[in-house]
Structure formats: C-alpha cells, structure tokens
Amino acid sequence: STGFCFFDPTGEYSGISESNLDVQIEVVPPVIEDDDPFLGDPDAPLTIIEFGCYTCPYTKSAEPIVQQILETYAGRVRLQFKTFTLPTHALSYPAALAANCAAEQGQYAAYHAGLFTSQENMTPATFHALAQRFGLDVDAFDACVADERHKDEIKGDTLMGILAGVKGTPTFFVGDQVIVGPKPLKTFETVIEKEMNDV
C-alpha cells in the first residue's frame with residue numbers, strides 16, 4: 001500500500017488536488033530524543049524515526065514490516081516512534097497519551113502493540129483495559145492520562161513532524177532518506193543497507 005493518513009487540521013484541502021498542497025517551509029530534520037522510548041535494541045547504531053498515529057490504519061498496516069526490520073537487523077537498528085496526532089481521528093491524541101503513560105511504567109512496547117491490535121474496536125475504555133491487561137498500576141496510569149501529563153511531549157513530536165515535512169502517517173526517516181506510507185520490507189532494506197554503508 002502507498003496510502004497514508006493525511007494531516008489536514010483545518011479541512012482546507014478536502015476534495016482538492018494534491019498540486020495545491022505544496023507549501024514552502026524550511027524543513028528541519030527530526031531528531032532522536034531521550035524522552036521517547038525505543039523499539040528494538042536501544043544501543044543499536046542506526047535509528048529509524050517513525051511518525052505514526054495509533055488510530056491510522058496505514059500506520060497499523062506498517063507494523064508487521066517494522067517488526068520484521070527489528071528482527072532482521074537485531075542489534076543494528078532501533079526505532080523511535082513519535083506520535084503524530086491527527087485531528088481527523090478522534091482517539092489519536094488520547095491513544096498517544098495512553099502510550100506515554102504506559103511507558104512511564106516500563107510497558108511501552110507491549111502497550112504500543114496492544115493499541116494497534118485494538119485499533120478497529122478502539123473506544124475511550126480501551127486505554128484502561130489495556131493497562132489492566134499488561135499489569136500496569138491502573139490508578140497511576142489513569143491519573144497520568146487524566147492529567148494529560150505528556151501533553152507537551154506529544155505536541156512537540158507532532159510539531160517536529162510538521163517541521164520535518166511530514167504530511168501524514170506513517171512517515172519514516174532513515175538517515176537522510178524518507179519513506180512515506182507502508183512499504184514492502186525490500187524498500188526498507190535497500191535504504192537501511194545504504195545508510196549502514198554510508199556510516
């Protein structure tokens with residue numbers, strides 16, 4: 001699939017051609033941050049930065065490929081998932097909050113996967129249910145979500161994506177290369193191998 005969930009906060013671009021979407025802004029490459037957890041070996045030398053949305057079906061469809069990459073390049077590649085919240089997806093922001101609150105308790109990887117598994121039937125009650133399923137301190141988790149403790153971090157990740165030229169989810173940054181939408185494993189392998197050879 002080459003589709004992705006389009007970032008259109010105002011609805012301004014609904015029903016118009018893509019030629020009208022070219023907005024000239026200075027692109028600022030995304031950076032790795034210590035406050036965002038990693039999937040895969042945290043000490044791996046190559047980092048893929050993914051801007052994704054837990055309620056985007058295209059981000060979900062890319063997940064099996066992401067897992068294959070982390071298995072194929074175990075110890076050599078890690079992934080940092082930055083939540084890119086989409087105003088058109090009602091639960092995009094609450095899901096991002098929940099994932100960050102799970103990370104506080106060391107259950108980020110399991111909760112991250114659980115959100116995608118639950119995507120098609122996701123409701124506001126899903127976040128608490130997943131916290132229970134993964135053995136989190138649910139009172140602390142619920143308080144974290146209610147307080148919107150990670151609001152600034154989520155906004156910061158989304159802004160970083162916008163400044164990096166992200167127009168929708170998922171978008172992957174591998175070194176200087178950008179991959180938009182779910183792509184076959186071979187596409188990622190080609191880019192990863194090039195980046196590794198250039199290091």
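**Exercise 1. Work out whether Lys60 is buried, partly exposed or exposed, then do it for Glu120.**

Step 1. Lys60 has a relative accessibility of 24%, so it counts as partly exposed. Keep in mind that you're looking at a predicted model.

Step 2. The cut-offs do the work here: buried is under 20%, exposed is over 50%, and partly exposed is in between.

Step 3. Now try Glu120. Its relative accessibility is 69%, so Glu120 counts as exposed.

**Exercise 2. Find out how Lys60 and Glu120 are paired, and which parts of the chain they tie together.**

Step 1. Check the atoms. The closest N and O atoms of Lys60 and Glu120 are 3.9 Å apart, and the two residues form a salt bridge. The cut-off for such a pair is 4 Å, so 3.9 Å passes.

Step 2. Place both partners. Lys60 sits in helix α1 (residues 57-72), while Glu120 is in the loop between α3 (108-117) and α4 (124-133).

Step 3. Put that together: the two parts are 60 residues apart in sequence, so this pair ties them together.

**Exercise 3. Look up the salt-bridge partners of Arg149 and say how exposed each residue is.**

Step 1. Start with Glu104: its side chain meets that of Arg149 in a salt bridge, at 2.9 Å from N to O. This pair links distant parts of the chain, with Arg149 in the loop between α5 (138-146) and α6 (151-163) and Glu104 in helix α2, 45 residues apart.

Step 2. Go on to Asp147, which also forms a salt bridge with Arg149; here the closest N and O atoms are 3.9 Å apart.

Step 3. Sort them by accessibility. Arg149 is partly exposed at 43%, and Glu104 is partly exposed at 40%. Asp147, at 54%, counts as exposed.

Step 4. Zoom out to the whole model: the count comes to five salt bridges. Elsewhere, Glu33, Asp36 and Lys82 are linked in a salt-bridge network.

**Exercise 4. Describe the surroundings of Ser92: is it buried or exposed, and what does it touch?**

Step 1. Locate Ser92. You'll find it in helix α2 (residues 92-104).

Step 2. Read off its accessibility: Ser92 is at just 2%, so it counts as buried.

Step 3. List its contacts, skipping neighbours within four places in sequence. That leaves Cys53, Thr55, Phe84, Thr85 and Leu86.

Step 4. Take a closer look at Leu86. Its backbone nitrogen lies 3.0 Å from a polar atom of the Ser92 side chain.

How values were computed. Residues numbered from 1 in each chain as written. Predicted model: local features only at pLDDT ≥ 70, side-chain atom pairs only at ≥ 80, totals over all residues. Heavy atoms only, no water. Helix = DSSP H or I, 4+ residues; strand = E, 2+ residues; numbered from the N terminus. Buried < 20%, exposed > 50% of the residue type's maximum accessible area, 1.4 Å probe, protein only. Polar contact = N/O pair within 3.5 Å; in protein donor to acceptor, adjacent residues only side chain to side chain. Contact = heavy atoms within 4.5 Å.
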